[in-house]
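Biologist: Can you walk me through this one? I'd like to hear about the helix packing, the ligand site and any odd backbone spots.

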Amino acid sequence: MTYQPRAGAAVHVRAPGKLNLALSVGRRRPDGYHPLATVFQALSVYEELTAEPADDLTITVSGAQADLVPTDGTNLAVRAARLLAERVGIPSGVHLHVHKGVPVAGGMAGGSADAAAALIACDALWDTGIPRGELVELAAELGSDVPFALVGHTAVGRGRGDLLTPALTRGEYHWALGLRTAGLSTPEVYATFDEILGGASDEPTVDRALMAALASGDAVAVGRALTNDLQVAALELAPDLAETLSVAQDAGALGVLVSGSGPTVAALGRSRHHALALAAAMTASGATDSVLCASGPVPGARLTTETSDRDRLATGPTRGDRS
Ligand code: C5P
């Protein structure tokens with residue numbers, strides 16, 4: 001293929017953070033990963049990424065906690081751009097800018113959203129023609145949560161969390177998110193889980209009650225069915241999260257849980273207004289460093305400008321191979 005860099009303007013992509021409405025974790029595998037059965041919901045907190053033609057591969061970061069994000073070759077968006085360029089056999093020149101809206105190291109997959117956004121943006125900027133299915137495979141190489149950041153909406157994740165099946169859901173769910181400035185390290189949370197619950201099963205399963213509640217749009221039943229096997233480990237490493245959980249519970253949340261490996265606490269409201277009230281209660285208690293309100297499900301990473309026919313195919317509700 002003769003490489004023709006795309007002329008002209010920058011490409012903009014928006015990618016969502018996620019919650020795990022259920023996270024069932026099995027026994028550690030020989031490769032160090034844990035088998036999961038999880039239900040992801042993409043939330044309306046976003047990473048905004050801009051990709052511009054450049055000679056070298058560089059990145060800048062702005063937004064909340066931007067100073068905590070590496071801007072060298074370890075940055076997941078940089079790794080995503082490099083991996084895509086290598087796979088399609090072109091130079092990886094691009095300048096990426098990420099504006100962060102998803103908490104850093106918060107258990108909401110902000111870094112994974114950056115990687116997914118970089119894949120979509122560089123694919124469009126470089127006009128690679130890579131089939132959608134291969135883009136999802138590259139996403140899985142970059143991290144367990146990256147495929148979901150591409151796909152969005154609601155999905156069941158198996159394997160490392162990277163093998164996705166879209167889930168049928170009804171309704172919109174409104175969340176108050178209690179944030180903690182000091183993040184938690186995902187590997188450390190999994191290691192603590194191993195110490196506490198080393199005998200967990202080899203075949204984690206997704207709770208049928210949760211899937212039924214999502215299919216019927218029953219927020220009360222969804223709230224009752226929220227579960228996270230990693231919560232006990234997150235609480236061990238950050239005991240103050242117990243207070244955040246109980247403040248949200250006492251304020252009338254339909255359900256509360258730690259998001260993924262934490263430390264973000266998610267509280268489900270009866271409505272958008274109720275989620276705001278839950279956030280206010282968390283703030284007033286002083287149990288969180290800051291709060292956000294968000295709703296879901298929302299779509300996965302997608303172009304926000306310059307949407308060509310091919311890009312519409314790539315980012316629309318039909319997620320088939322576009323080759
Ligand atoms: O795949 P990702 O790089 O996001 O995973 C980060 C870390 O989280 C892994 O190195 C591993 O320690 C842990 N992890 C795990 N089991 C999973 C997913 C992640 O143990 N299913």
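**Helices, ligand and backbone**

Modeller: Happy to, and keep in mind that this is a predicted model. Helix α9 (residues 241-250) and helix α10 (residues 272-285) have axes that come within 9 Å and cross at roughly 135°. That angle makes α9 oblique to α10.

Biologist: What is the handedness of the crossing of α9 and α10, and how do the residues of that contact divide by class?

Modeller: The crossing of α9 and α10 is right-handed. On the α9 side there are Glu243, Thr244, Val247 and Ala248, and they meet Leu278, Ala281, Met282 and Ser285 in α10. Sorted by class, the residues of the contact of α9 with α10 come to 5 nonpolar, 2 polar and 1 charged.

Biologist: Moving on to α1 and α3, why do they count as oblique to each other?

Modeller: Helix α1 (residues 76-88) and helix α3 (residues 132-142) bring their axes within 10 Å, with a crossing at roughly 135°. Angles over 145 degrees would count as roughly antiparallel and 65 to 115 as roughly perpendicular. The crossing of roughly 135° fits neither, so α1 and α3 are oblique.

Biologist: Which residues make that contact of α1 with α3, and how many of them are charged?

Modeller: The crossing of α1 and α3 is right-handed. From α1 come Leu76, Arg79, Ala80, Leu83, Leu84 and Arg87, while α3 brings Leu135, Leu138, Glu141 and Leu142. By class, the contact of α1 with α3 has 7 nonpolar residues, no polar ones, and the charged count is 3.

Biologist: And α1 with α2: how do their axes cross, and how many residues in the contact are nonpolar?

Modeller: The axes of α1 and α2 come within 8 Å and cross at roughly 35°, and the crossing is right-handed. In α1 the contact uses Leu76, Ala77, Ala80, Ala81, Leu84 and Ala85, while the α2 side includes Gly111, Ala115, Leu119 and Trp126. Polar and charged residues number 2 each in the contact of α1 with α2, and the nonpolar count is 11.

Biologist: Now the ligand. Which residues surround it, and how far is an oxygen atom of the ligand from an N or O atom in the side chain of Ser144?

Modeller: Around the ligand you'll find Gly32, Tyr33, His34, Leu36, Gly143, Ser144, Arg160, Thr186, Pro187 and Tyr190. Gly32 has a backbone N or O atom 3.5 Å from an oxygen atom of the ligand. For an N or O atom in the side chain of Ser144, the distance to a ligand oxygen atom is 2.5 Å.

Biologist: Which residue has a backbone N or O atom 3.1 Å from a nitrogen atom of the ligand?

Modeller: Start from the set around the ligand, which includes Gly143, Ser144, Arg160 and Thr186. The one with a backbone N or O atom 3.1 Å from a ligand nitrogen atom is Arg160.

Biologist: Last topic, the backbone. Where is the cis peptide bond with Pro263, and what is the phi of Ala105?

Modeller: Most residues other than glycine have a negative phi, and most peptide bonds are trans. The bond from Gly262 to Pro263 is cis, with omega near 5°, and Pro263 sits in the loop between β9 (255-258) and β10 (265-269). Another cis bond joins Gly296 and Pro297, with Pro297 in the loop between β11 (290-296) and β12 (302-303). Ala105, in the loop between β4 (94-100) and α2 (110-126), is not a glycine, yet its phi is positive, about 50°.

Methods: Residues are numbered from 1 along each chain as its sequence is written. This is a predicted model: local features need pLDDT of at least 70, side-chain atom pairs count only at pLDDT 80 or more; totals for chains, interfaces and linings use all residues. Side-chain values use heavy atoms; hydrogens and water are left out. Axes are lines fitted to C-alpha atoms, for helices over the stretch in contact, and angles run from 0 to 180 degrees between N-to-C directions. Helices (H or I, at least four residues) and strands (E, at least two) are DSSP runs, numbered from the N terminus. Angles under 35 degrees count as roughly parallel, over 145 as roughly antiparallel, 65 to 115 as roughly perpendicular and the rest as oblique. A crossing is left-handed if the near helix is turned anticlockwise from the far one by less than a right angle, and right-handed if clockwise. Contact means heavy atoms within 4.5 Å. Ala, Val, Leu, Ile, Met, Phe, Trp, Tyr, Cys and Pro count as nonpolar, Asp, Glu, Lys and Arg as charged, and the others, Gly among them, as polar. A residue is near a molecule or strand if one of its heavy atoms lies within 4 Å of it. A polar contact is a pair of N or O atoms within 3.5 Å; within protein, one must be able to donate a hydrogen and the other to accept it, and residues adjacent in sequence count only if both atoms are side-chain atoms.
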